Amino acid sequence: MRYLRFVFLYTLLYIGGMAHAFPADSVEVSLLTCSPGTEVYSLYGHTAIRVKSYTTGEDWVFNYGVFSFNRPNFIWRFTRGECDYQIGALPFAYFAEEYEERGSAVYQQVLNLRASEKERLWTLLVENMRPENREYRYNFLYDNCTTRARDRIEEAVEGKIIYPEQDTVHTYREIIHQYTAQHPWAELGNDICLGAEADRPISVRDEMFAPFYLLRYANGAVIQGSDGSTRPLVLSQSEVVEGRDVEIQKEFPWSPALSVWILFFCVAGLTVVEQWRHACFWGIDIFLMSLVGGIGLVVTFLFFFSVHPTVGSNWQIWVFNPIPLVAMPWVVWCAVKRRKTYYHPLNASVLILFMFFSALIPQDFCVVVVPLALALLLRSCSYWISYRKKEK
């Protein structure tokens with residue numbers, strides 16, 4: 001619906017002569033920041049630009065976050081890092097209604113722009129709305145709806161915008177965790193996919209990929225003119241759509257950390273029983289290897305084939321890779337037949353090396369990687385002990 005509404009309004013606006021100029025002295029330009037929603041794609045909030053004319057009564061919101069799940073191969077292109085977003089425009093009343101319905105607050109920062117700067121910003125936005133310009137290659141961390149809005153404002157000002165310095169240096173992952181704190185399973189998905197690049201210290205400008213970081217830095221920013229004069233970027237801030245408490249969608253009742261440690265202790269307990277009874281619980285291996293190998297398919301695909309810049313440095317690939325899926329039939333057959341296989345000592349060596357050097361790797365690993373690695377290591381050691389006993 002959002003995408004279809006955009007197409008209709010865009011056609012109506014452009015054909016109707018959107019490229020006209022407002023009387024700049026009657027125009028108010030604002031930065032809009034929307035609080036997070038409950039859907040995965042809305043957990044981080046949203047940013048848009050509002051242009052309101054008190055002379056003509058027109059009141060438009062320009063939104064660089066328009067997309068459609070219904071476009072061909074959306075999931076594939078998003079995973080590959082080749083997803084295109086668009087700029088859309090709609091009346092502020094419709095924009096506000098959408099966020100009011102979902103219970104999200106919308107904060108408005110009125111910008112301290114001169115008449116010539118407002119005219120230039122309007123021209124830039126309308127130029128972006130042209131069919132040949134309206135799409136851009138979206139990147140969650142580096143080029144999104146928030147950074148696009150910031151960049152257009154920076155292009156419009158006469159001089160440069162100087163932002164306040166950081167109070168605390170963050171990483172991309174730390175900022176993402178601030179928004180996913182109440183959604184641990186969504187957080188786990190991010191942490192599985194993101195590599196070491198997400199854990200490097202980032203600058204003020206980098207932090208502004210997140211809407212509320214842009215809001216905060218904009219409040220303390222100043223515009224420095226070519227003559228050295230300065231003026232605040234933001235004239236005032238207000239809440240134009242009041243937020244309300246929205247029930248968070250229920251996820252699995254156990255957190256990922258609790259779930260996977262329970263799994264580890266179950267595997268450990270069954271392995272002890274297996275050794276004590278001289279049995280072979282090969283079903284455990286099918287489950288574990290399928291789980292780790294399935295995650296590994298995603299991590300490996302992103303590592304080698306995605307153009308997302310933060311997934312190609314994922315050291316978790318040493319644990320999460322498709323090798324368990326490939327080896328599983330042979331490993332299970334050898335277990336059933338009580339045959340020796342070199343998969344287990346090789347697997348144990350890789351896992352031990354990974355855990356030994358993990359403290360030196362500049363990456364914050366997801367909460368499930370250690371217990372799953374320990375579970376795999378335990379199974380390999382158990383089989384190797386059994387083979388050694390048999391040889392004696």
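I began with C193, which I found partly exposed at a relative accessible area of 22% (buried is under 20%, exposed over 50%, partly exposed in between, with a 1.4 Å probe and protein chains only). I then looked up C381, which is also partly exposed, at 31% relative accessibility.

I note that this is a predicted model, in which local features need pLDDT of at least 70 and side-chain atom pairs count only at pLDDT 80 or more, while totals for chains, interfaces and linings use all residues. Residues are numbered from 1 along each chain as its sequence is written, and side-chain values use heavy atoms, with hydrogens and water left out.

I looked for disulfides (cysteine sulfur pairs within 2.5 Å) and the structure holds zero. C193 is in none, and its nearest cysteine sulfur, that of C366, lies 9.4 Å away.

I turned to the open sheet, whose seven strands (DSSP runs of E, at least two residues, numbered from the N terminus) follow the order 6-4-3-2-1-5-10 with antiparallel pairing (at least two DSSP bridges between two strands). Strand 6 (135-137) and strand 10 (234-241) are at the edges with a single partner strand each, so one side of each has no neighbour in the sheet.

I followed strand 1 (residues 27-34), which pairs with strand 5 (residues 106-111) in the antiparallel sense over five bridges, and there L31 stands opposite Q109 in strand 5. Helix 9 (residues 211-219; helices are DSSP runs of H or I, at least four residues) packs on the sheet and touches strands 1, 2, 5 and 10 (contact is heavy atoms within 4.5 Å).

Note on methods. Axes are lines fitted to C-alpha atoms, for helices over the stretch in contact, and angles run from 0 to 180 degrees between N-to-C directions.
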